[in-house]
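Colleague: I have a new model on screen and want to learn how to read it. Can we go through it in short questions?

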Amino acid sequence: MADTERDINRATVVGAGTMGSGIAQVLATAGIEVDLVDVDTSQLLRAQAAIERSLDRLVQKGSLTARARDQSLALIRPKTKIDAAIGHELLIEAVTEDLTAKQAVFAQAAHVLPETALLASNTSSISITALASAVSGPERVLGMHFFNPVPVMKLVEVVRGQLTSEATTQAIVALAQRLGKTPVVVNDYPGFVSNRLLLPMLNEAFFTLMEGVAEKEAIDQVMKLGMNHPMGPLELADFIGLDVCLHILEVLHRDLGDDKYRPCPLLRRMVAAGRLGRKTGVGFYEYGGRRG
Ligand code: 3HC
């Protein structure tokens, strides 16, 4: 069998946050057995509840049968460790945006999973080439960048590191298609394509607000009504997380060495104040008790 036709029937997803749980859900809906791994058991419980809510939504609008919902749920096993006994063909990591943490997951996976297992990262900004350097067989490492909310967003940005093989890229392209997504292949440069284009736009919205050009609602309305964006930039930044936005801008600024990526001081101040957006209940907007 050619590598591009490699069957992926069992996968491990590490990190049960919003992205990890969404990724586990779309894999399971495509009939793939998933170990969803997180050291924090309460996070695993929250992930399971979020997956159930999301699948229920899909059943309610008729795009999934109740039977397929139950089958998908049965395919997801919450775990606190990567299981050495299971010969999974793929691991996707969606842990915190920290090179050392991500490299540790890959090093552990390379130790316990088969040598042929593909190792994918859902990183939004960390170099795939640097991540691969922690692993024997860097040709099997690549970026599989999903977008929030994972069950809804069509794109998977497939990021080729310096040493990623063509067979690995094609296997992940085929997998993304099987998940009902549209894969777009890009090369490993800071921010890839998605965040290199998105974050400067969000950053400019932060400067626009800081300089008093307009109120936050007006800035969002201009982009929603004038450019047909589903969310305005400030609303979207709250949705992504202001800490995540700051981290990506810092990577762009440092690794591309250009001041046009300089993070807005207002963004830094909000992150320092712990106003991170929806996940803390307050960012540019207030969300009451809402954290989703
Ligand atoms: N699971 C299943 N279905 C979901 C869902 C979920 N978690 N969230 C939303 N949906 C479905 C709804 O059921 C609804 O379906 P329908 O149109 O068939 O009835 C549809 O999605 C729209 O949802 P809502 O009606 O509740 O709300 P909106 O119309 O306001 O849409 C949104 C919500 C899809 C989030 C939309 O506002 C949007 O597309 N926003 C932009 C999101 C975006 O840009 N994401 C990318 C962020 S960047 C990123 O992730 C990369 C990182 O590296 C920074």
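Colleague: Are F206 and F284 buried or exposed?
Modeller: This is a predicted model. Buried means under 20% relative accessible area. F206 meets that, and F284 does too. Both residues are buried.

Colleague: How many aromatic pairs does the structure hold, and how is the pair of F206 and F284 arranged?
Modeller: The structure holds one aromatic pair. F206 and F284 form it, at 5.4 Å centre to centre. Planes under 30 degrees apart count as stacked. Here the angle is 20 degrees, so the pair is stacked.

Colleague: How many residues apart are F206 and F284?
Modeller: F206 sits in helix α7, residues 194–210. F284 sits in the segment after α11 (265–272). The pair links distant parts of the chain, 78 residues apart.

Colleague: Which residue lies over the face of Y285?
Modeller: A Lys counts as over a ring only if its NZ is within 6 Å of the ring centre, and the angle to the ring normal must also fit. The distance here is 5.3 Å from the ring centre of Y285. The residue is K216.

Colleague: What is unusual to look for in backbone angles?
Modeller: Most residues other than glycine have a negative phi, and most peptide bonds are trans. So a positive phi or a cis bond is worth a look.

Colleague: Where is the cis peptide bond, and in which loop does P149 lie?
Modeller: The cis bond joins N148 and P149. Its omega is about 0 degrees. P149 lies in the loop between β6 (141–145) and β7 (155–160).

Colleague: F192 and N228 are not glycines; what are their phi values?
Modeller: F192 is in the loop between β8 (182–187) and α7. N228 is in the loop between α8 (216–227) and α9 (233–240). Phi is positive at F192, about 55 degrees. At N228 phi is positive too, about 60 degrees.

Colleague: Which is buried and which is exposed, F192 or N228?
Modeller: The relative accessible area of F192 is 5%, so F192 is buried. N228 has 68% relative accessibility. Exposed means over 50%. That makes N228 exposed.

Colleague: How do the strands β6, β7 and β8 pair?
Modeller: Four bridges join β6 to β7. One of the partners is V159 in β7, set against G143. β7 and β8 pair over six bridges, with L155 facing T182 in β8 as one bridge. The β6 and β7 strands run antiparallel, while β7 and β8 are parallel.

Colleague: Which element gives the largest share of the lining of the largest cavity?
Modeller: The largest cavity holds about 40 Å³ of space. L36, L44, Q48, I51, I76 and P78 line it. By class, five of them are nonpolar, one is polar and none is charged. The largest share, three residues, comes from α2.

Colleague: What is the volume of the second largest pocket, and which helix gives the most to its lining?
Modeller: The volume is about 250 Å³. Among its 15 lining residues, V26, L58, P151, L179 and K181 are the closest to the centre. The lining divides into seven nonpolar, four polar and four charged residues. With three residues, the top contributor is helix α1 (residues 18–29).

Conventions. Residues are numbered from 1 along each chain as its sequence is written. This is a predicted model: local features need pLDDT of at least 70, side-chain atom pairs count only at pLDDT 80 or more; totals for chains, interfaces and linings use all residues. Side-chain values use heavy atoms; hydrogens and water are left out. On a 1 Å grid over the protein atoms alone, a cavity is a set of points where a 1.4 Å probe fits but cannot get out, and a pocket is an open set with protein on both sides within 12 Å along at least five of seven lines; lining residues have an atom within 4 Å of a point. Grid points are joined across faces, edges and corners, and a volume is the space filled by probe spheres set on the points. Helices (H or I, at least four residues) and strands (E, at least two) are DSSP runs, numbered from the N terminus. Ala, Val, Leu, Ile, Met, Phe, Trp, Tyr, Cys and Pro count as nonpolar, Asp, Glu, Lys and Arg as charged, and the others, Gly among them, as polar. Rings of Phe, Tyr and Trp (its six-membered ring) pair if their centres lie within 6.5 Å; planes under 30 degrees apart count as stacked, over 60 as edge-to-face and the rest as tilted. Buried means under 20% relative accessible area, exposed over 50%, partly exposed in between (1.4 Å probe, protein chains only). A charge sits over a ring if NZ of Lys or CZ of Arg is within 6 Å of the ring centre and within 35 degrees of the ring normal. Two strands pair if DSSP finds at least two bridges between them.
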